[in-house]
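Got the viewer open? Let's take a short walk through this one, a stop at a time.

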Amino acid sequence: MEIMIFKRDDLKLGILLGCLTPIVGLFGYYFFKFSRFTLAEFFEVLILQKSLLTAIVSLCLICNAVVFTLYINAEKDKTAKGVFIATCLYAIASLAVKWFL
């Protein structure tokens, strides 16, 4: 049985998935590595240590690579294109934080 979300081929869906997937990855990383800290403490550390922030964002973008690959393999090119656009925006934002802040 195929999951319903994989049947749609829509650019907006891809952008939405591309924006939400790294957030899910961020919380997954929090629960895996930093669960003994509060969420507020975790975000405080991310803000104070820019190198950790960019490293975690890079790891979270791997989640987008998985979603992108799933949609490419399902031949849903518009959705994959949306995921790719969101991934590029996250990557640019991550580089901007690292270089300019």
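Start by selecting residues 39-48, helix H2, together with residues 50-73, helix H3. Keep in mind that you're looking at a predicted model. The axes of H2 and H3 come within 5 Å and cross at roughly 110 degrees. Angles of 65 to 115 degrees count as roughly perpendicular, so H2 is roughly perpendicular to H3. Want to see what makes the contact? On the H2 side, show Phe-42, Val-45, Leu-46, Ile-47 and Leu-48. On the H3 side, show Lys-50, Leu-52, Leu-53 and Ile-56.

Next, click on Thr-21, which sits in helix H1. Is Thr-21 buried or exposed? Its relative accessible area is 14%, and buried means under 20%, so Thr-21 counts as buried. Now look for its partners beyond the neighbours within four places in sequence: Thr-21 is in contact with Cys-63, Asn-64 and Val-67. While you're here, draw a line from the C-alpha atom of Thr-21 to that of Glu-44. These two are 23 residues apart along the chain, and their C-alpha atoms are separated by 22 Å.

For the last stop, turn on the surface and select Leu-11, Ile-15, Ile-85 and Leu-89. Together they make a nonpolar surface patch of about 300 Å². Which elements give two or more residues to the patch? They are helix H1 (11-33) and helix H4 (77-100). Finish on Leu-89, in helix H4. With a relative accessible area of 55%, Leu-89 is over the 50% cut-off, so Leu-89 is exposed.

Methods:
Residues are numbered from 1 along each chain as its sequence is written. This is a predicted model: local features need pLDDT of at least 70, side-chain atom pairs count only at pLDDT 80 or more; totals for chains, interfaces and linings use all residues. Side-chain values use heavy atoms; hydrogens and water are left out. Patches are made of residues with over 30% relative accessible area and no salt bridge: like charges are joined within 9 Å, nonpolar side chains (Val, Leu, Ile, Met, Phe, Trp, Tyr) within 5 Å. Accessible areas come from the Shrake-Rupley method with a 1.4 Å probe; for residues, only the protein chains shown count as cover. A salt bridge is a side-chain nitrogen of Lys or Arg within 4 Å of a carboxyl oxygen of Asp or Glu. Helices (H or I, at least four residues) and strands (E, at least two) are DSSP runs, numbered from the N terminus. Buried means under 20% relative accessible area, exposed over 50%, partly exposed in between (1.4 Å probe, protein chains only). Axes are lines fitted to C-alpha atoms, for helices over the stretch in contact, and angles run from 0 to 180 degrees between N-to-C directions. Angles under 35 degrees count as roughly parallel, over 145 as roughly antiparallel, 65 to 115 as roughly perpendicular and the rest as oblique. Contact means heavy atoms within 4.5 Å.
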